[in-house]
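Please look over the chain shown here before reading on. The report moves from the chain as a whole to two of its residues.

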Amino acid sequence: MVRNLRFMFLVSILITTLFTKTTLSQTQTCSSQTFNNNEKFSTCRDLPQLTSYLHWTFDQSTGKLDIAFRRTGITSTDRWVAWAINKNNDLTSAMTGAQALVAVPQSSGSPKAYTSNIANAGTQLAESNISYPHSKLSATHTNGEVTIYASLNLPIGTTSLVHLWQDGAMSGTAPQAHDMSSANQQSKESLDLTSGVTQQGSGGGSLSRRRNTHGILNAVSWGVLMPLGAVIARYLKVFKSADPAWFYLHVTCQTAAYIVGVAGWGTGLKLGSDSVGVTYSTHRALGITLFCLGTLQVFALLLRPNKDHKIRIYWNFYHWAIGYATIIISIINIFKGFNALEVSAGDRYDNWKHAYTGIIAALGGIAVLLEAYTWIIVIKRKKSENKFSQGMNGTNGANGYGSRPQQV
């Protein structure tokens, strides 16, 4: 039985480590992107907002900057896309003074690409000259992706810049103001062209980190440790030699899941309050429900009656129902979280989603195998007990004759 306990413990460590490593070692999406003209760039970056990507090659000695900016999710021709450099290197008021490259998809042919000098926030992106000499300005619109290409000549000695990116609706042929969502307001950063190091504006980097932290904490706790604790309770207690070790292992697993889960829940509430204009009502409601159900389970542990108490059967049903409801809602809500990420970050978190799906599938497969195995043990045990009972009856005699010679 010690071997079985050790196996379950190692499985739990393996699953948690696998998910954590997969999420932390996620590769950039931009590294696998290609371009129609087979152009190559030395560096690329997954931008933190608006499912956008920047590729660039920079020659510091001449100030020449070749870029390809890509915005995904543009499926219609009634939206404009722009990438810009703030000539004042001002991250706080990045729009004012921005030198923009604009692309407007057309119903036929390539998008219209032009430059626009943005004087203030009320701009309508009128076509105008920009401060940087440029060439090779063009744009493509393929498979819902708008890509802007250009070569710019920056002042000699430039090593970093403040850049911003946006998209918005069209009214006829006139670009309209972009949305004022959290993602749009945070789509700017300071970029070191030589190292690729960035600094986000308006808390964008902090928001992205908290979003990742929220996802990892909740996926590991509610989505992995909680189901794992249920597997331990259901299958290890079948083995008599595992009592009471299975109970303490179950409690440890579920308590850790609850503590980490509450931390993840708290980061989610903070994330929601800081994301003005962004609301995921179902995800939020399910998260609050999970916190309540998890807290009920904690109280259930504290109020657990003895095995021989008359209300223990009701407590068992309550604990079972709340526990399985928590696990089901947890898994549903984690996938709701992945759906929310797809809205703000596109396919950037697909690796996370695939990793979690694989872990849940593995846990499900282990549960099916253990279900069959433990049923075999239970059936064999009952047969053994029945034979033992019949043997005792045969020895003692059903009418008591077996205990002494029958009197004639």
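What follows describes a predicted model, starting with overall values and then turning to threonine 173 and arginine 312.

**The chain as a whole**

The chain is made up of 408 residues, of which 43% are buried, and its secondary structure consists of seven helices and 12 strands. Among contacts between residues at least 6 apart in sequence, 62% join residues at least 24 apart. The accessible surface comes to about 21,700 Å², and carbon and sulfur atoms account for 59% of that surface.

**Threonine 173**

Threonine 173 sits in the loop that runs between strand S9 (160–171) and strand S10 (174–178). Because its relative accessible area is 77%, above the 50% cut-off, threonine 173 counts as exposed. Although tryptophan 80 is 93 residues away along the chain, its C-alpha atom and that of threonine 173 are separated by 9.9 Å.

**Arginine 312**

Arginine 312 belongs to helix H6, which spans residues 312–345. Arginine 312 is buried and yet has no salt bridge. Not counting residues up to four places away in sequence, arginine 312 touches Arg304, Pro305, Asn306 and Lys307. Two distances from arginine 312 are set out below.

| Partner of arginine 312 | Distance |
|---|---|
| Aspartate 308, nearest side chain of opposite charge | 7.3 Å |
| Proline 305, backbone oxygen to a polar side-chain atom of arginine 312 | 2.7 Å |

Proline 305 thus appears both among the residues that arginine 312 touches and as the residue whose backbone oxygen lies 2.7 Å from a polar atom of the arginine 312 side chain.

Terms used
Residues are numbered from 1 along each chain as its sequence is written. This is a predicted model: local features need pLDDT of at least 70, side-chain atom pairs count only at pLDDT 80 or more; totals for chains, interfaces and linings use all residues. Side-chain values use heavy atoms; hydrogens and water are left out. Helices (H or I, at least four residues) and strands (E, at least two) are DSSP runs, numbered from the N terminus. Buried means under 20% relative accessible area, exposed over 50%, partly exposed in between (1.4 Å probe, protein chains only). Contact means heavy atoms within 4.5 Å. Accessible areas come from the Shrake-Rupley method with a 1.4 Å probe; for residues, only the protein chains shown count as cover. Lys and Arg count as positive and Asp and Glu as negative; His and the chain ends are not counted. A salt bridge is a side-chain nitrogen of Lys or Arg within 4 Å of a carboxyl oxygen of Asp or Glu. A polar contact is a pair of N or O atoms within 3.5 Å; within protein, one must be able to donate a hydrogen and the other to accept it, and residues adjacent in sequence count only if both atoms are side-chain atoms.
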